[in-house]
Amino acid sequence: MLRQDNVLIGQLLVDEGIITPEQLETGLIEQKKTNNLVCTTIIKLGYASEEKVFSLLSRQLNIPYIKIKNREILPIVIEKVSAKFASHYKIIPLELFDNLLTVAIADPLDVRTLDDLRLLLGYEIKAVLASESEIREAIQKYYGVGAETLERIVSEGGGFSREIIEVSEKAQDLEALAEDASIIKFVNQIFTEAVRDRATDIHMEPFENELRIRFRIDGMLYNIHVPETIKFFHAAIVSRIKIMAQLNIAERRLPQDGRIKIKINDEELDLRVSTLPTAFGEAVHIRILNTRTFLDLEKLGLYSEDLSIIERVIKKPHGIVLVTGPTGSGKSTTLYACLARLNTDAVKVITIEDPIEYQLKGINQMQVNPKIGFDFAMGLRHILRHDPNIIMIGEIRDLETAEIAIRSALTGHLVFSTLHTNDAAGGIARLMDMGIEPFLISSSVECLIAQRLVRTICPACKTAVQPKQELLDQIKDPGIENRKVQIYEGKGCKACRFTGYQGRTAIYEILVITELIRDMILTRVSSQQIKQKVVLQGMRTLRQDGIRKVLQGLTTLNEVIRVTQQEAI
């Protein structure tokens with residue numbers, strides 16, 4: 001049922017020409033579905049800017065409109081209103097002067113909430129207007145994620161004594177706590193907040209006097225503000241996650257791994273869960289994977305000439321293509337993009353992975369299971385009996401896997417895999433270290449691609465800067481030093497969490513194995529000498545590719561230095 005207040009606010013916007021009657025009608029229908037305020041709905045639908053909507057309401061209703069993000073609220077003021085009340089009524093206390101409490105409210109016509117506050121707190125209340133999104137962000141900032149949820153258990157008990165909540169070791173108590181509606185809601189809030197913040201990982205780490213929660217966003221870890229009382233619910237939160245991942249909640253002495261499938265905002269997500277026993281309880285790591293979306297080759301950050309090289313290499317009927325780099329450098333994404341390009345009805349593609357990160361239609365994907373002895377080597381031996389054209393191995397970890405991969409390439413299969421090395425040429429040395437003979441490497445490997453992920457500059461606060469001399473001294477690149485160039489950095493804003501970065505792109509080093517390089521491999525030339533040779537032949541190193549993206553205004557010198565090592569060429 002529509003509140004008359006929403007109709008009145010909507011009509012004000014129409015009367016001032018900010019929105020059309022048709023847009024108001026659509027907004028009221030959408031508002032009825034979401035139960036948001038009509039002004040919030042109008043803004044979300046893109047019919048009007050936040051500034052226009054709230055400035056109008058401020059003038060018409062004679063209520064000041066403020067930006068909460070420009071203020072710092074004292075803890076003593078925050079304590080006056082409970083997290084539960086603030087979240088439910090979408091308000092935030094701003095300042096207390098004598099007996100007058102100023103609160104920001106998203107719904108300017110909600111006089112009942114203001115009356116409730118007067119009765120509850122015993123203060124005179126002055127209302128100011130603020131956007132619902134800013135109030136929500138302020139509640140999270142000052143109270144912590146899920147504060148109102150945990151507050152309910154602390155105040156009401158949720159049917160459990162404080163002793164059970166804090167110190168219970170009994171599986172049945174933990175299971176009951178984990179099934180409590182507030183614990184379920186809190187865990188769901190953490191997942192939702194992580195997805196909203198574009199996090200790829202969630203870390204829950206118990207210490208003596210706190211439970212720390214961090215999100216990895218664009219490759220960097222950020223602390224998430226949570227209420228101090230969360231430490232009392234550590235065991236219950238871990239148990240809830242274990243139940244979702246179908247793990248044993250009674251086993252807290254051994255590491256466990258599991259998976260959770262969830263849907264947030266119509267987006268299907270696969271959560272890889274890992275628990276680890278520590279001195280103060282179980283730590284939990286959750287990797288967030290979108291099982292349906294992956295990048296096309298054209299969207300990986302490759303320059304046109306590099307894209308042409310990769311397309312030419314992956315169209316070969318046989319051979320090995322290796323992608324190298326540390327964990328979290330985007331290797332799997334590159335491999336999936338290559339497979340998606342090659343996946344047609346005319347070829348059979350089989351993968352063996354640990355774990356399956358993206359589900360590709362029309363491709364046979366297997367996941368290793370060490371508990372039953374199903375590893376990469378065993379899977380590969382059986383894959384070859386199924387007549388594949390293309391094989392993808394999640395990672396070459398040992399000699400046996402490397403030997404079968406090379407044998408597969410030599411017998412007419414195109415093989416994709418990954419290695420953990422610092423650069424492309426280092427992949428050759430890594431295979432030799434495993435015990436692979438040089439003649440097998442030279443006759444089977446077609447290309448090695450090294451890559452890293454660099455954060456891209458936030459477009460909302462991107463600004464031109466003069467490069468600092470100490471950075472230029474580290475880069476030692478004539479392309480920047482010998483000519484005046486324009487480079488950029490992000491100043492930091494709300495859109496990028498004041499980091500100056502938003503999103504990531506990849507930098508590449510592509511080493512194609514030519515006849516000259518094959519001869520060098522046969523004579524056991526060092527990887528450093530191979531790298532020197534291919535650079536002379538025109539290969540861009542990781543750092544050089546990064547500097548090219550700096551000159552294009554995509555990333556910063558600091559980022560390139562952070563993810564690449566000094567190259568002695």
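**Exercise 1. A loop residue with an unusual backbone angle**

In which loop is the place of D98? State its phi and decide whether D98 is buried or exposed.

Solution. The model is a predicted one.
- Step 1: D98 sits in the loop that links β1 (91-97) with β2 (100-105).
- Step 2: phi of D98 is near 55°, which is positive, and the residue is not a glycine. Most residues other than glycine have a negative phi.
- Step 3: the relative accessibility of D98 is 66%. The cut-off for exposed is over 50%, so D98 counts as exposed.

**Exercise 2. The sheet around that loop**

Describe the sheet that contains β1 and β2, with its order, edges and twist.

Solution.
- Step 1: the sheet is open and has three strands, in the order β1-β2-β3, with mixed pairing.
- Step 2: β1 and β3 (124-129) are the edge strands, each pairing on one side only.
- Step 3: from one strand to the next, the twist averages 25°.
- Step 4: β2 and β3 run parallel and are joined by six bridges. For T102, the bridge partner in β3 is K126.
- Step 5: helix α7 (residues 111-121) lies across β1, β2 and β3, and runs at about 145° to β3.

**Exercise 3. Two more backbone features in loops**

Where does R524 lie, and which loop holds P355? Give the backbone feature of R524 and of the peptide bond that leads into P355.

Solution.
- Step 1: R524 belongs to the loop between α22 (515-522) and α23 (527-536).
- Step 2: R524 is not a glycine, yet its phi is positive, at about 55°.
- Step 3: R524 has a relative accessible area of 53%, so it is exposed.
- Step 4: P355 is in the loop between β11 (349-353) and β12 (364-367).
- Step 5: the bond from D354 to P355 is cis, with omega near -5°. Most peptide bonds are trans.

**Exercise 4. Packing of α12 on α13**

How do the axes of helix α12 (residues 181-196) and helix α13 (residues 234-244) cross, and which residues make the contact?

Solution.
- Step 1: the two axes come within 10 Å and cross at roughly 75°.
- Step 2: angles of 65 to 115 degrees count as roughly perpendicular, so α12 is roughly perpendicular to α13.
- Step 3: α12 contributes I183, I184, F186, V187, N188 and F191, while α13 contributes A236, I237, R240, I241 and M244.
- Step 4: sorted by character, the residues of this contact are nine nonpolar, one polar and one charged.

**Exercise 5. Packing of α14 on α15**

At what angle do helix α14 (residues 304-314) and helix α15 (residues 331-342) cross, and is the crossing left-handed or right-handed?

Solution.
- Step 1: the axes of α14 and α15 cross at roughly 60° and come within 11 Å of each other.
- Step 2: this angle makes α14 oblique to α15.
- Step 3: the crossing of α14 past α15 is right-handed.
- Step 4: from α14 the contact residues are I310, E311 and I314, and from α15 they are C338, R341 and L342.
- Step 5: this contact of α14 with α15 has four nonpolar residues, no polar ones and two charged ones.

**Exercise 6. Burial in a helix and in the chain**

Why is helix α24 (residues 542-551) described as largely enclosed by the rest of the structure? Then locate L472 and give the make-up of the whole chain.

Solution.
- Step 1: seven of the 10 residues of α24 are buried, so the helix is largely enclosed by the rest of the structure.
- Step 2: the buried residues are L542, R543, D545, G546, I547, K549 and V550.
- Step 3: just after α24, G553 has a positive phi of about 80°.
- Step 4: L472 is part of helix α20 (residues 469-475). Its relative accessibility is 10%, so L472 counts as buried.
- Step 5: L472 and L557 are 85 residues apart in sequence, and their C-alpha atoms are 8.4 Å apart in space.
- Step 6: the protein chain has 25 helices and 18 strands. Of its 569 residues, 50% are buried.
- Step 7: among contacts in the chain with a separation of 6 or more, 65% are between residues 24 or more positions apart.
- Step 8: the C-alpha trace spans about 85 × 65 × 50 Å along its principal axes.

Key: Residues numbered from 1 in each chain as written. Predicted model: local features only at pLDDT ≥ 70, side-chain atom pairs only at ≥ 80, totals over all residues. Heavy atoms only, no water. Helix = DSSP H or I, 4+ residues; strand = E, 2+ residues; numbered from the N terminus. Buried < 20%, exposed > 50% of the residue type's maximum accessible area, 1.4 Å probe, protein only. Axes fitted to C-alpha atoms, helices over the stretch in contact; angles between N-to-C directions. Parallel < 35°, antiparallel > 145°, perpendicular 65-115°, else oblique. Left-handed = near helix turned anticlockwise from the far one by under 90°. Contact = heavy atoms within 4.5 Å. Nonpolar A, V, L, I, M, F, W, Y, C, P; charged D, E, K, R; others polar. Pairing = 2+ DSSP bridges.
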